[in-house]
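Work through these exercises with the sequence and the model side by side. Try each task before reading its solution.

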Amino acid sequence: AIFPEFALSGYFWEDEPACWDYMNEAVTQNHLDWIEDELKPLLVESLVGVVLNNITRGPDRKFFNTSMVISHAHDYLSEEATYHKVFLPGIEKTYTTSGRDDRLVIESHYGFGRFGFTTCYDYLFPSLLREYAMVDHVDAVLQLASWRALATRDYPGMNVRTDRYYGHLWDVTMAATSATNQIWTIACNAVGRHGISGARFCGGSGVWAPSGLKLVQASNIHEELLIVHNLDVLGAREAERDDFDYAFDFREVYKPMEDGRGFTRFID
């Protein structure tokens, strides 16, 4: 079961004194009794894990934006089993601090495959996704987001204008990134309006195959529960490689650089 970014706290808003007070109450460490007594007892043979994102305590008053897997296999708050969001847009820099060079890879104990994690804005940075695919060899990325819906892009000379640029970006990025890295993207995004600020989130939670094809997607307007059956993560990845292995060509041309610059052309 996968829930969106800030699933417990909700998103930040502009009234800093009120928001700080609220978030200090919403921090995950204040809700461990609920996780232990209410959530973990739901984990049975047919529900092996719950993926949550929420704020956790960080340095100098700030929080980390933390994704965690509630299961019987991991300590869900340990550094080894959590992912701290790396790339922080706008208002998030006021309240949270970056996870810096942070990647989390969890191998399923049930043979489902190997999973990497991104949070919202992280997904727009291709070097992070490429490292997951090429260095960590993940089969799927779990993308948890509070991705905004409304942003205007206007090109009057071309008679083109849209008010849902962010929503458009969500759809095309999920497809393109899945295809070029030949990995699954399983994405869960907030939807609807923020209860205080009124900001709208674009929804569109869904599943994208390693081919880039969208297999299922939720509403951009209404809260929905998606229940997905027969998701053959490992089998479909193998079939994609048999059909046409993009990764083979990437390995021939691109090499990771030790200085952290990501990938560049290498000539021997």
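**Exercise 1. Is D60 buried or exposed, and where does D60 lie?**

Solution. Keep in mind that this is a predicted model. Start with accessibility. The cut-off for exposed is over 50% relative accessible area. D60 has 73% relative accessibility, so D60 counts as exposed. Next, find its place in the chain. D60 lies in the loop between strand 1 and strand 2. Now check the backbone. The phi of D60 is positive, about 55°, although D60 is not a glycine. Finally, look at the strands on either side. Strand 1 and strand 2 form a hairpin, with five residues between them.

**Exercise 2. Describe the sheet that holds strand 1 and strand 2, and find its edges**.

Solution. Begin with the order. Three strands form an open sheet in the order 1-2-3, with antiparallel pairing. Strand 1 (50–57) and strand 3 (82–84) are the edge strands, since each pairs on one side only. From one strand to the next, the twist averages 30°.

Then count bridges. Strand 1 and strand 2 are joined by eight bridges. One pair to locate is V50 with its bridge partner I70 in strand 2. Strand 2 (residues 63–70) and strand 3 are joined by three bridges. Here S67 has Y83 in strand 3 as its bridge partner.

Last, check burial. Strand 1 is mostly covered, with seven of its eight residues buried. As background, strands of a sheet pair through backbone hydrogen bonds, either parallel or antiparallel.

**Exercise 3. Which residues does Y132 contact beyond its neighbours within four places in sequence?**

Solution. Place Y132 first: it is in helix 4. Its relative accessible area is 0%, so Y132 is buried. Now list the contacts, leaving aside neighbours within four places in sequence. They are Y83, R103, L104, V105, G116, F117, T118, H137, V138 and V141. Y83 has come up before, as the bridge partner of S67 in strand 3. Take F117 for a distance check. Y132 and F117 are 15 residues apart in sequence, and their C-alpha atoms are 8.8 Å apart in space.

**Exercise 4. How do helix 4 and helix 5 cross, and which residues meet there?**

Solution. Take the axes first. Those of helix 4 (residues 126–134) and helix 5 (residues 165–181) come within 10 Å and cross at roughly 35°. The crossing is right-handed. Next, name the residues. Helix 4 supplies L129, R130 and A133, which meet T177, T180 and N181 of helix 5. Sort the residues of this contact by type: two are nonpolar, three polar and one charged.

Now step past helix 5. Q182 lies in the loop between helix 5 and strand 9. Q182 has a positive phi of about 50° although it is not a glycine. Its relative accessibility is 3%, so Q182 counts as buried.

**Exercise 5. How many residues of strand 9 are buried, and which strands are joined to strand 9?**

Solution. Count burial first. Six of the six residues of strand 9 are buried, so strand 9 is largely enclosed by the rest of the structure. Then sort the side chains. In a regular strand the side chains alternate between the two faces of the sheet. W184, I186 and C188 point one way from strand 9, while T185, A187 and N189 point the other way.

Now look for partners. Six bridges join strand 6 (residues 140–145) to strand 9, and these two run parallel. A145 stands opposite N189 in strand 9. Strand 12 (residues 206–208) is joined to strand 9 by three bridges, and this pair runs antiparallel. I186 stands opposite V207 in strand 12.

**Exercise 6. Which residues of helix 6 are buried, and what do they pack against?**

Solution. Pick out the buried residues. In helix 6 (residues 233–243) they include V233, R237 and E240. These cover an arc of only 60° around the axis, which puts them on the same side of helix 6. The buried residues of helix 6 pack against strand 9 (184–189). Turn to the face away from the buried side. That face carries the exposed residues D242 and D243.

**Exercise 7. Where is D249 found, and what is its relative accessible area?**

Solution. D249 is found in helix 7 (residues 246–253). Its relative accessible area is 39%, so D249 is partly exposed. For a distance check, pair D249 with V135. They are 114 residues apart along the chain, and their C-alpha atoms are separated by 15 Å.

Notes. Residues numbered from 1 in each chain as written. Predicted model: local features only at pLDDT ≥ 70, side-chain atom pairs only at ≥ 80, totals over all residues. Heavy atoms only, no water. Axes fitted to C-alpha atoms, helices over the stretch in contact; angles between N-to-C directions. Helix = DSSP H or I, 4+ residues; strand = E, 2+ residues; numbered from the N terminus. Left-handed = near helix turned anticlockwise from the far one by under 90°. Contact = heavy atoms within 4.5 Å. Nonpolar A, V, L, I, M, F, W, Y, C, P; charged D, E, K, R; others polar. Pairing = 2+ DSSP bridges. Buried < 20%, exposed > 50% of the residue type's maximum accessible area, 1.4 Å probe, protein only. Arc of directions from axis to C-beta.
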